[in-house]
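Colleague: I've got a bit of time before my next gel. Could you walk me through this structure?

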Amino acid sequence: MLFSSIEFIFLFLPCFFIVYYLLKKTSHRNIFLLLASLFFYAWGEHGYVFLMMFFIALNYLMAVIIDRGWHPRAVLAFTVAANLLLIGFYKYADFFIGTFNSLFATSFPLPHIPLPLGISFFTFQTMSYVIDVYRGDTKVQKNILYLGEYVSSFPQLVAGPIVRYRTVAEEIGERGASLGDMAYGLRRFIFGLAKKVIIANNVAALCDTIFKGTPQEYGAVGAWAGMLAYTMQIYFDFSGYSDMAIGMGRMMGFHFLENFNYPYVARSITDFWRRWHISLSTFFRDYLYIPLGGNRVKKGRWIFNLLVVWLLTGLWHGASWNFVAWGVYYGIILVVEKLLIGKYLEKCGRVVQHVYTMFLVIVGWVIFRMESMGSILDVLSSMFGRNGAGSVSFFVSSQALQGKYALALLLAVLFCTPALTKTLFRKAETSVTAKVCLNAATVALLLISVLLLVSSSYNPFIYFRF
C-alpha cells in the first residue's frame, strides 16, 4: 500500500488516526500501532509479515541476553551475522549465485526469491538496536510488543528513514501529540505527498519517455534532460516519502530525525553526503566506518575503510553491479576530494563548487539508474555529444515536450533549494497573512495531488527496491 494512494490517504490513514486518538494510554496506542503496522505490511507482503515478526523476536531475545551479560560479544556477533544472512538470502541470493556462475562457468539455478519490501530498512534498525544495547548506548526494551512497534511502525517501515531505537526510546514509553504537532505533521505529510505526486511522478514519466528511445534518437539534449529529470525524480520521490513518514510520526508524537537537507545545494561531494539520506550515511559511519578505525588510522588503511564503506553502501541499494560501481565511484571521489582537491575546491567560488558537485552527482545517477555497463556508456557518451544533439522528430513523437513535464522540472529546480520554502515558513511564524497563504497552499497541494492520483495510474517509487 503506497502512501501516495487513494486507499491509504482516505481509508487506512483516517481510520488509523481516529482509533489512535480515541485511545488515551500510550501502552494501548503502542499495541494498536503494532497491529495496524502488521496489517499495513501484510496488505502487500502477505507471508513476509511472519518474516518480519521473526526478525523482531530474534533481535528482542538477543538484546535481552546481551543485557544480562551472557557472553555479550559472541551473542552480538551471532545476531549481526543472522541479520546479514537473512538479508543476504532474500536480497542477494540471485546476485551472488549469478556472479559465481559467471566467474566459474557453473550453472547453479537462480532461486528468484521475491524481495520483501523494506527489508533493508528494518534489518538495519534491528541491528542498530542490538548494537546500541551492547555498547550501552540505549536500555534494552523488555516488552517485545514495544520493540515490535518500533521495528514495524508503518510510517518508516518500507522506505525509511532508518530510525534508531535510542532516538525514539523515551517516546515509545510515553508521548503525546499536541495540536501544534498534529498540524505540523499533517502539513508535512501533504508537502511530502505533493513532492511525490506533483513533481516526482511527472519528472519520472519524462525520464522514462526519453530513455525508451535509442541513444541516436535522444542524443545529448535528451540524455541531459533525462538525467536532470531522474536527478529530480529520485530526490523528490525519496525525500517526499521521508517527509510523509516524519509527518505521520509527528502526528503520533514521535520526533523522527531529518533525512534530507537540500542536498542539491551542496558545494562538494562530502557536503552532498552530509545532506543526502542522512539516516543511512550516519548508520554506515557509526556502525562500520568508525569501528573500522575511521580516519584515525594510517592513510592506506583510511582509504581502505572509506572504499569498503562505500562499496557496501552501493550494494545496500541493490543486488546489481551498477550499484556496486556507484558506491565505489563515490568512494573514489571522496578520497580524491579529501586528499587532493579539497583545499583547492574551498578557494573556488560558490558557482564553481556547485557546478562541480552537481556534475558529479548527475554522472553518479547515470550509473545508479542504468542496469548494464553498455547502457551506462550509451548515456554518458550521448551526454558528451557522441550521438549529436538528438532527433526533433523523436521528442515530438514520444510526447517528451509536454508542458506538464516542463512545469514539473521548473518546480523541481525551484523547490530543491531552501530559498522559497524557508522564506515562507519563516514569514508564517510572524505574519498572519503568510500563515493564511501557507495553509491555503497546503490545502491546494492536497487537492491537486488527489486529482492527479485519481486521473493517473502512473505512480512509481524508486526505493521500494531497497
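Modeller: Sure, here are some questions and answers on its pockets, cavities and helix packing; keep in mind that this is a predicted model.

Colleague: Let's start with the largest pocket. What is its volume?

Modeller: The largest pocket has 28 residues lining it. By class, that lining has 19 nonpolar, 3 polar and 6 charged residues. As for the volume, the figure is about 910 Å³.

Colleague: And which residues lie nearest the centre of the largest pocket?

Modeller: The lining of the largest pocket counts 28 residues. Those that lie nearest its centre are F191, K195, Y262, T421 and F425.

Colleague: Which element gives the largest share of the lining of the largest pocket?

Modeller: The elements giving two or more residues to that lining are α8 (179-211), α9 (215-252), α17 (403-415), α18 (419-428) and α19 (432-455). The largest share is 8 residues, and the helix it comes from is α8.

Colleague: Now the cavities. Which residues line the second largest cavity?

Modeller: There are 2 cavities of 30 Å³ or more in the structure, and the second largest holds about 50 Å³ of space. Its lining has 5 nonpolar, 2 polar and 1 charged residues. The names you want are E149, Y150, S153, Q156, V163, V168, F254 and F256.

Colleague: On to the helices. Are α13 and α14 roughly parallel or antiparallel?

Modeller: The axes of α13 (residues 321-347) and α14 (residues 350-369) come within 10 Å and cross at roughly 165°. Angles over 145 degrees count as roughly antiparallel. So α13 and α14 are roughly antiparallel.

Colleague: Is the crossing of α13 and α14 left-handed or right-handed?

Modeller: The contact here involves residues including W326, Y330 and I333 of α13 and L360, V361 and W365 of α14. By class, the contact has 15 nonpolar, 3 polar and 2 charged residues. The crossing itself is right-handed.

Colleague: What about α9 and α14: are they roughly parallel or perpendicular?

Modeller: α9 and α14 pack with their axes 10 Å apart, at an angle of about 85°. Anything from 65 to 115 degrees counts as roughly perpendicular. That's why α9 and α14 are described as roughly perpendicular.

Colleague: Last one: which residues of α9 make the contact with α14?

Modeller: On the α14 side, the contact uses M358, F359, I362, W365, V366, F368 and R369. The residues of this contact divide into 10 nonpolar, 1 polar and 1 charged. From α9, the residues are W224, M227, Y230, T231 and I234.

Conventions:
Residues are numbered from 1 along each chain as its sequence is written. This is a predicted model: local features need pLDDT of at least 70, side-chain atom pairs count only at pLDDT 80 or more; totals for chains, interfaces and linings use all residues. Side-chain values use heavy atoms; hydrogens and water are left out. On a 1 Å grid over the protein atoms alone, a cavity is a set of points where a 1.4 Å probe fits but cannot get out, and a pocket is an open set with protein on both sides within 12 Å along at least five of seven lines; lining residues have an atom within 4 Å of a point. Grid points are joined across faces, edges and corners, and a volume is the space filled by probe spheres set on the points. Helices (H or I, at least four residues) and strands (E, at least two) are DSSP runs, numbered from the N terminus. Ala, Val, Leu, Ile, Met, Phe, Trp, Tyr, Cys and Pro count as nonpolar, Asp, Glu, Lys and Arg as charged, and the others, Gly among them, as polar. Axes are lines fitted to C-alpha atoms, for helices over the stretch in contact, and angles run from 0 to 180 degrees between N-to-C directions. Angles under 35 degrees count as roughly parallel, over 145 as roughly antiparallel, 65 to 115 as roughly perpendicular and the rest as oblique. A crossing is left-handed if the near helix is turned anticlockwise from the far one by less than a right angle, and right-handed if clockwise. Contact means heavy atoms within 4.5 Å.
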